[in-house]
Amino acid sequence: QVQLVESGGGLVQAGGSLRLSCAASGRTFSSYDMGWFRQAPGKEREFVAAVSRSGGSTIYADSVKGRFTISRDNAKNTVYLQMNSLKAEDTSVYYCAATGAGWGSKKVDSYDYWGQGTQVTVST
């Protein structure tokens, strides 16, 4: 089992940057592909980005491509989401998640473990 704890959220002006971190417990972190999702009030949870177990492959939602970068450090059991050029529409609760299923899924149901979320608010 994996426990996930996000941090790094906050309030930032449009055009600014934030880096989210997600610390995982357990010694099997490198066995999981990791993803970031987000959920705004009244909306469904949506895929943001994912990184493969080795860190060698990444995928992004079209809405964040070129602005966000996902990475991981298996030695530190941590996955990161660097968010640049933030927009008001990026305002959401951001969740990290882990999946032991096949690589590349963008579906919420494919992920087995979830963190509690961290709020990101972008002001204009």
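**Polar contacts, salt bridges and core of an all-strand model**

The side chain of T78 lies 2.8 Å from the backbone oxygen of K76. In this predicted model, T78 belongs to strand β8 and has a relative accessible area of 10%, so the residue is classed as buried. Beyond its neighbours within four places in sequence, T78 is in contact with S21, C22, A23, F29, R72 and D73. One of these partners, C22, takes part in the disulfide described below.

The overall architecture consists of eleven strands and zero helices. Read along the sequence, the elements follow the pattern β-β-β-β-β-β-β-β-β-β-β. The C-alpha trace spans about 40 × 25 × 25 Å along its principal axes. The radius of gyration is 13 Å, which agrees with the value near 14 Å expected for a compact globule of 124 residues. Of the 124 residues, 45% are buried. Among contacts between residues at least 6 apart in sequence, 59% join residues at least 24 apart.

A search of the whole structure returns one disulfide, which connects C22 and C96 with an S to S distance of 1.9 Å. The two cysteines come from distant parts of the chain, C22 from strand β3 and C96 from strand β9, with their positions 74 residues apart in sequence. The torsion about the S-S bond is about 40°, and the disulfide is therefore right-handed. Each sulfur-bearing residue is buried: C22 has a relative accessible area of 0%, and the value for C96 is also 0%.

In soluble globular proteins, nonpolar side chains tend to be buried together. In the present model, the largest nonpolar core comprises 34 residues, and W36, V79, L81, M83 and Y94 have the most contacts inside it. At least two residues of this core are supplied by each of β3 (18-24), β4 (33-39), β5 (46-51), β6 (58-60), β7 (68-73), β8 (78-83), β9 (92-99) and β11 (118-123). Strand β5 gives the most, with five residues. The surroundings of Y94 illustrate the packing within this region: apart from neighbours within four places in sequence, Y94 is in contact with E6, L20, W36, F37, R38, V48, F68, L81, M83, G117, T118 and V120. Three residues in this list, W36, L81 and M83, are themselves among those with the most contacts inside the core.

Strand β5 also contains A50, which has a relative accessible area of 1% and is therefore buried. The C-alpha atoms of A50 and I70 are separated by 6.8 Å, although the two residues are 20 positions apart along the chain. I70 is also one of the contact partners of A50, which, with neighbours within four places in sequence left aside, are M34, G35, S57, T58, I59, I70, W103 and Y111.

Charged side chains form five salt bridges. One of them pairs D90 with R38 at an N to O distance of 2.9 Å. This pair links distant parts of the chain, since D90 lies in the loop between β8 and β9 and R38 in strand β4, 52 residues apart. D90 has a relative accessibility of 0% and is accordingly buried, while R38, at 4%, is buried as well. R38 is in addition a contact partner of Y94.

D90 forms a further salt bridge with R67, the N to O distance being 2.8 Å. Because D90 lies in the loop between β8 and β9 and R67 in the loop between β6 and β7, this pair ties together parts that are 23 residues apart in sequence. Both residues are buried. Through shared partners, salt bridges join R38, E46, R67 and D90 into one network. Another salt bridge connects D62 and K65, with the closest N and O atoms 3.1 Å apart. D62 has a relative accessibility of 65% and counts as exposed, whereas D90 is buried at 0%.

Technical notes: Residues are numbered from 1 along each chain as its sequence is written. This is a predicted model: local features need pLDDT of at least 70, side-chain atom pairs count only at pLDDT 80 or more; totals for chains, interfaces and linings use all residues. Side-chain values use heavy atoms; hydrogens and water are left out. A nonpolar core is a set of buried Ala, Val, Leu, Ile, Met, Phe, Trp, Tyr and Cys residues joined through side-chain atoms within 4.5 Å. Buried means under 20% relative accessible area, exposed over 50%, partly exposed in between (1.4 Å probe, protein chains only). Helices (H or I, at least four residues) and strands (E, at least two) are DSSP runs, numbered from the N terminus. Contact means heavy atoms within 4.5 Å. A salt bridge is a side-chain nitrogen of Lys or Arg within 4 Å of a carboxyl oxygen of Asp or Glu. A disulfide is a pair of cysteine sulfur atoms within 2.5 Å. A polar contact is a pair of N or O atoms within 3.5 Å; within protein, one must be able to donate a hydrogen and the other to accept it, and residues adjacent in sequence count only if both atoms are side-chain atoms. The radius of gyration is taken over C-alpha atoms; the globule rule is 2.2 Å times the number of residues to the power 0.38.
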